[in-house]
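Got the viewer up and the selection tool ready? Here's a walk through the model, stop by stop.

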Amino acid sequence: MTTESQDALAASNAVDESIAPLMATLSLEEKVRLLTGQTAWRLYAMPGIGLRSLAISDGPVGVRGTGEIPGATSLLMPSPSGLAATWNIDTARRAGIMFATEARRLGVDIVLAPQVNIQRTPVGGRHFECYSEDPHLTTQIAAAVVSAMQDAGVAACVKHYVANDSENYRTEYTSRVPEQALREIYMAPFEHLVTDVGVWSVMAAYNGADVGDQAAPMTEHGHLNNDVLKGEWGFDGVVLSDWMATNTTVESANGGLDLVMPGPGGPWEGKLLEAVRRGHVNESVIDDKVTRILLLAKRAGGFGEPIPAPSRPDDAEFLRQFAAEATVVLRRGDEYVVDPANVKSIALIGPNAVNAYVLGGGSSTVHPHYVVSPKSGLTEAFPGADITLLRGGSALVHTPPADLTQDVTVPATGEPGIAVTELNAAGEIIKSLVNPAWSGWHNDPSEDCTDVTLETDLALREAGEHRIDIGVVGAHRIFIDDNLVSESDVEVDASVILDSSANSPLGVGLAVSTDSPRSVRLRVELKTVDAGGYGRWVRADFRHARPGPSIEDEIREAVEAARTSDLTVLVVGTNSEVESEGWDRVNLALPGRQDELVRRVLEVAPDAVVVVNAGAPVLLPWLDKAKTVLWAWFPGQECGNAIADVITGRTEAAGRLPWTLPLSESDVPIMDTAPDADMVLHYPEGIHVGYREWERTEKAPAAPFGHGLGWTDFEYGTDASAAVSDDGMVAVTLHVTNTGIRAGAEVVQAYVEAPSPSPAGIERPIRWLGGFTRVTIDAGDMATVCVRLPRRVFEVWDISSHSWVLPSGDYTIALGRSVRDLRTRALISLPSPGSTASAVRTKPREASALTQTDHSG
Ligand code: BGC
């Protein structure tokens, strides 16, 4: 970008009038200081102008806080895909209010959420953190979250701008996205959140983007940041970098980045001032960035402005209701709701029944106040039943965590915990302490500490073969009973945080046999890791598998319990080794022998309720053998209560899939996330992302986009009609009848089909989501439902004029319960520019032209 256009950009920014006088009092040095974080989670204060330090926290599943409050815990919501699965704007709004109240409670001003990247591939490591494979659903849910948060004075930071859709090589690849797909799919949620919702901050992603005009890292993408985001869309907020994503000074400063995170240090602090003095960066560019930061501060109460207090929903009840409502009924028999009065015994089976995976891995992690386990939830809901909890085999590759509350003691004193010794470069002890609640990390060691030794005695209480593993990060030596079992002198840096390998370090260890109880001495010598903005620390996980039954024995025991119980509930799913930020999945299988477990249990207990506890799609090869299958997401802190509520009928599992569940990996449009040798990640599918590609190939998924059976049935009338309303939206009206025995929620989905043939040079999907309305209808009642479709869903990004165009002609709006269960249609004729739209009445139901899928089992 030229200096002239930088000046024009700076001048054109909408500036709150009160900011200009503040700017006038700041020196260039002070201004530049404001452009890098003070710490990992704070911005600099500027007392001279009354600016306090703004605090930032990660976000998409709750607000973790800044780490400054020791032991702080947080509310843990269901995973974002679960929020999208509600298709419920009111739930999204209440989630936004919860973000705001949590942020204020924890002293946070900016929450790094929501994540509006599109679920391009089911293997994407952060799939669970995103809302949907569809941009319209993503946009609608995100808009409700962001506006509720910001109405309460807390800044949302939407991330990761843009085309940050997979995790492998995430700091290295450049996404080469065809222009139409970039605009219609990947940029669409960002555009709406900027132009219609007015989001206050946007995070520039790790990846680069090659958009024809420019190929550059997103932190320095002048075209996408300056020309599009700030220019074309008029964004007046702050573009902040993803953590440690910025690698240049001048290019990023001129390329539209406003704030380098985290700090201190980094490529701007100490260097940007010099770049301005040498004329490589214009001072007006600095002023523009500072103005944006001060405007954000004003909006978030950074100058002491009063912040409106949001009304606080009943947190636990809301989260319980939300998790239950988000649950998708993939299959159900005639009657899946269970009356507790008829149940005297329950077999609760599965690795995730024992250890439910309530949130995905990575930076979205929060430390919940509590987690209601499946067993606690069922115990409360079935007070008269005996519950047998059985794992049915481990699904973990790693040895499970050692019981650090009971089994580890400090060698010298016998007190519970891990002995931690800090050493300096000369090998002298500079600090010794006992950590009674080892979390896996020793953070912020003394300044001159170069090495840390951890020592503990692990109790082996049973005779037999124990497996002991220790997972470490970086240079180390590990001794088990004085035997050196692993050593490495390879030192590591922040990259182990960025690729998330530090989250789940590989273990080394050995099997130890014993005839009688005894203990083994564990000694771990670690080099201190300096991870820049992610701090200094050492990392060690202590793992221990006791002697016990084999997986085969566990499965057999589970099958026996299922055979003799009144009710069997299987909870299967993924875990922290499978779904996390930092890496993409290698396949879509449930880990371990869970498929076999489900099959064998279903043979003896065909009425078993199968609960899938996963964020992103997994293959369910036994799906058609089960009567009732519920997709429960990562349900958050109310996990067990929500599962129990769905089974007992306290709450309808009213979710609808925000993505496509495949039958086999070979059907999946995009399974490979590897960039080419030049680190370019190609997007050959263009606009045919997710279900749009399934519609094109006509392959049969295990469950289509939008699918969810709830607990009642609905019939669609054949009298749908569409008209252009005064505000330019297309409004489709139809009648829907609840033909079941319970009141229930229906999500009426409206899919647009373009006039055929498309004008030359214009490519369109077969059909795409244009709108939806969620409505609750009493048993036997008929409701008049209106679905409103914004003009934008009819428009096309024209790659010759680089602008939005609305091809005129007769559009079909197909209405139904999923993209593969379309029940009726309406037509709307959209005019060429200048003429007036005409309303067209529905055609009667054209069952033969529609694909219908029966999932009712
Ligand atoms: C993630 C961001 C996150 C940031 C701060 C990065 O590695 O990509 O989503 O907000 O860390 O934790």
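## First stop: Gln180

Select Gln180 and, skipping residues up to four places away in sequence, you'll find that Gln180 touches Ile185, Ile687, Glu763, Val796, Trp797 and Ile799; touching, or contact, means heavy atoms within 4.5 Å. The helix around Gln180 is H7, residues 179–186. Helices here are DSSP runs of H or I with at least four residues, strands are E runs of at least two, and both are numbered from the N terminus. Gln180 is buried, at a relative accessible area of 10%. Buried stands for under 20% relative accessible area, exposed for over 50%, and partly exposed for what lies in between, using a 1.4 Å probe and protein chains only.

Some ground rules before moving on. This is a predicted model, where local features need pLDDT of at least 70 and side-chain atom pairs count only at pLDDT 80 or more, while totals for chains, interfaces and linings use all residues. Residues are numbered from 1 along each chain as its sequence is written, and side-chain values use heavy atoms, with hydrogens and water left out.

## Zoom out

Now show the whole chain as a cartoon. You're looking at 20 helices and 38 strands. The radius of gyration is 28 Å, close to the 29 Å from the globule rule for 857 residues, so the chain is as compact as a globular protein of that length. That radius is taken over C-alpha atoms, and the rule is 2.2 Å times the number of residues to the power 0.38. Along its principal axes, the C-alpha trace spans about 85 × 80 × 50 Å.

Switch to a surface. The protein chain exposes about 30,800 Å², with carbon and sulfur atoms supplying 50% of it; the areas come from the Shrake-Rupley method with a 1.4 Å probe, and for residues only the protein chains shown count as cover. Of the 857 residues, 61% are buried. Take the contacts between residues at least 6 apart in sequence: 77% of them join residues at least 24 apart.

Next, colour by domain: domain 1 is 316–396 + 559–696, domain 2 is 408–545 and domain 3 is 714–843. Those bounds come from an automatic or database domain assignment. Draw a line between the centres of domain 2 and domain 3, taken over C-alpha atoms, and it should read 59 Å.

## Helix H19

Pick residues 639–648, which make up H19. How many of its residues are buried? The count is 10 of 10, so to speak a mostly covered helix. To see what does the covering, add helix H13 (315–326), helix H15 (374–381), strand S24 (567–573), strand S25 (609–613) and strand S26 (628–631), which are included in the cover over the buried residues of H19. Step just past the end of H19 and you reach Gly649, with a positive phi of about 85°.

## Backbone oddities

Most residues other than glycine have a negative phi, and most peptide bonds are trans. With that in mind, go to the loop between strand S3 (155–161) and strand S4 (174–176), where Val162 sits. The peptide bond from Tyr161 to Val162 is cis, with omega near -5°. Then jump to Pro262, in the loop between helix H10 (250–254) and helix H11 (272–277). Met261 and Pro262 are joined by a cis peptide bond too, with omega about -10°.

Now select Asp481, in the loop between strand S18 (476–480) and strand S19 (483–488). Asp481 isn't a glycine, yet has a positive phi of about 50°. Asp482, in the loop between S18 and S19, has a positive phi as well, of about 70°. Are these two buried or exposed? Asp481 is partly exposed, at a relative accessible area of 30%, while Asp482 is exposed, at 65%.

## Two strand residues to finish

Select Gly809, in strand S36 (residues 809–818). Gly809 is partly exposed, with a relative accessible area of 22%. Which residues does Gly809 contact, leaving aside neighbours within four places in sequence? They are Pro755, Ile828, Ser829 and Leu830. Gly809 and Pro755 lie 54 residues apart along the chain, with their C-alpha atoms separated by 5.6 Å.

Last, go to Ser432 in strand S14 (residues 429–435). Ser432 is exposed, with a relative accessible area of 53%, and its contacts, apart from neighbours within four places in sequence, are Val420 and Thr421. For a long measuring line, connect the C-alpha atoms of Ser432 and Pro621: they are 189 residues apart in sequence and 53 Å apart in space.
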